[in-house]
Amino acid sequence: MTPKYDSITIDYIRNERVAVGQLLIIITFICLIILIISILKFGVPCAIYVPTPIKIARRALSLAGLKPHEILYDLGCGDGRVLILATIEYGAFAVGVECNPLLAWIARRNVRRANVEEFVKVITGNLFNINLHKADVVFLYLSQYANERLKDKMAKELKHGARVVTYIFPIVGWKPLVKDEKQNIYVYEIPYSLSDEKGNINPK
Ligand SMILES: C[S@@+](CC[C@H](N)C(=O)[O-])C[C@H]1O[C@@H](n2cnc3c(N)ncnc32)[C@H](O)[C@@H]1O
């Protein structure tokens with residue numbers, strides 16, 4: 001039987017594998033550097049990156065009653081998908097906050113590609129340092145821990161009538177205005193008579 005590959009082909013395949021391996025090492029190294037820089041600058045992320053499926057994001061924004069010209073904040077905006085959806089399908093303005101510089105860069109690029117730069121702002125930073133007083137709707141897909149830490153801040157900074165819509169993680173102690181238990185979406189409204197002393201809104 002004649003061999004399938006001659007030695008030149010084998011060398012070529014070997015060199016190509018080495019090149020791919022080196023490229024992967026370089027990419028991992030760059031990602032690691034970005035991660036270290038962002039942790040030093042903005043602290044440890046309170047949630048890992050998992051994008052919300054578009055169908056779920058659409059349902060969340062519609063349950064939150066997002067209206068044209070309202071301002072939506074996505075705290076931990078990932079690749080910017082919720083921001084883009086809010087502007088294109090709901091005619092809203094959107095602000096995204098993202099602590100991972102690579103994701104913030106991707107979000108800005110996606111916003112540019114979707115042609116909605118005029119309506120969207122992406123901030124590279126820590127969501128706990130962003131004042132929320134301008135928000136009409138806040139979208140959260142973070143973690144139970146992050147929601148717990150945000151409770152007081154949101155109760156203090158959000159205006160009356162603002163809505164908070166969370167995916168997967170409810171806000172413990174707040175009574176949802178609307179919920180879709182099948183899709184794990186919870187909507188809360190900041191009421192006129194605010195909270196108990198622990199920052200619980202409409203305590204159960
Ligand atoms: C589960 S992902 C959700 C991404 C996006 N909101 C979506 O629904 O597709 C959570 C995001 O929050 C970001 N994040 C975590 N902690 C953060 C912090 N302290 N400040 C800003 N962003 C943060 C992560 O980098 C990640 O992109």
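**Exercise 1. The sheet**

Work out the order of the strands in the open sheet of 7 strands, and find which strands stand at its edges.

*Solution.* Start with the order: the open sheet of 7 strands runs β3-β2-β1-β4-β5-β7-β6, and its pairing is mixed. Next, look at the two ends of that list. β3 (120-124) and β6 (178-180) stand at the edges with a single partner strand each, so one side of each has no neighbour in the sheet. Finally, consider the twist: on average, neighbouring strands of this sheet are turned by 15 degrees against each other, ignoring direction. Keep in mind as you go that this is a predicted model.

**Exercise 2. A pair of strands and a helix**

Describe how β1 and β2 pair, and say what packs on the sheet by β2 and β3.

*Solution.* First, take the two strands. β1 (residues 71-75) pairs with β2 (residues 93-98) in the parallel sense, over 5 bridges. As a reminder, strands of a sheet pair through backbone hydrogen bonds, either parallel or antiparallel. Second, pick out partners along the pair: Ile-71 stands opposite Phe-93 in β2, and the bridge partner of Tyr-73 in β2 is Val-95. Third, add the helix. Helix α4 (residues 101-113) packs on the sheet and touches β2 and β3. The direction of α4 makes about 170 degrees with that of β3. Last, ask how covered β1 is: 4 of the 5 residues of β1 are buried, so the rest of the structure largely encloses this strand.

**Exercise 3. Inside β5**

Decide how far β5 is enclosed, and sort its residues by the way they point.

*Solution.* Begin with burial. In strand β5 (residues 163-167), 5 of the 5 residues are buried, so the strand is largely enclosed by the rest of the structure. Now for direction: in a regular strand the side chains alternate between the two faces of the sheet. Arg-163, Val-165 and Tyr-167 point one way from β5, while Val-164 and Thr-166 point the other way. Then add a partner strand: β4 (residues 137-140) pairs with β5 in the parallel sense over 4 bridges. Within that pair, Phe-139 has Val-165 of β5 as its bridge partner.

**Exercise 4. The nonpolar core**

Find the residues that touch the most other members of the largest nonpolar core, and the helix that gives the most to it.

*Solution.* The general idea comes first: in soluble globular proteins, nonpolar side chains tend to be buried together. Here, the largest nonpolar core has 51 residues, and Ala-86, Val-137, Val-138 and Phe-139 touch the most other members. Helix α3 (residues 81-90) gives the most to this core, with 6 residues.

Zoom in on Val-138. Leaving aside neighbours within four places in sequence, its contacts are Tyr-73, Leu-75, Leu-132, Met-154, Leu-158 and Val-164.

Now zoom in on α3. This helix is mostly covered, with 7 of its 10 residues buried. The buried ones are Val-82, Leu-83, Ile-84, Leu-85, Ala-86, Thr-87 and Tyr-90. They pack against α2 (54-63), β1, β2, α4, β3 and β4. After α3 comes Gly-91, with a positive phi near 65 degrees.

**Exercise 5. Around the ligand**

Count the residues that surround the ligand and sort them by character.

*Solution.* Count first: 23 residues surround the ligand, and the closest are Pro-45, Thr-52, Gly-76, Gly-78 and Cys-99. Then sort the shell, which divides into 15 nonpolar, 5 polar and 3 charged residues. To place part of the shell, note that α3 and β2 each supply at least two of its residues.

**Exercise 6. Three residues to compare**

Decide whether Ile-190, Asn-115 and Asn-184 are buried, exposed or partly exposed.

*Solution.* The cut-offs are 20 or more other C-beta atoms within 10 Å for buried and 12 or fewer for exposed, with partly exposed in between.

- Ile-190, in the segment after β7 (185-189), has 21 other C-beta atoms within 10 Å, so it is buried. Its C-alpha atom is 7.2 Å from that of Ala-155, although the two are 35 residues apart along the chain.
- Asn-115, in the loop between α4 and β3, has 11, so it is exposed. It has a positive phi of about 65 degrees although it is not a glycine.
- Asn-184, in the loop between β6 and β7, has 15, so it counts as partly exposed. Its phi is positive too, at about 60 degrees, and it is not a glycine.

Notes. Residues are numbered from 1 along each chain as its sequence is written. This is a predicted model: local features need pLDDT of at least 70, side-chain atom pairs count only at pLDDT 80 or more; totals for chains, interfaces and linings use all residues. A nonpolar core is a set of buried Ala, Val, Leu, Ile, Met, Phe, Trp, Tyr and Cys residues joined through C-beta atoms within 7 Å. Two residues are in contact if their C-beta atoms, placed from the backbone, lie within 7 Å. Two strands pair if DSSP finds at least two bridges between them. Axes are lines fitted to C-alpha atoms, for helices over the stretch in contact, and angles run from 0 to 180 degrees between N-to-C directions. A residue is near a molecule or strand if its C-beta atom, placed from the backbone, lies within 6 Å of it. Ala, Val, Leu, Ile, Met, Phe, Trp, Tyr, Cys and Pro count as nonpolar, Asp, Glu, Lys and Arg as charged, and the others, Gly among them, as polar.
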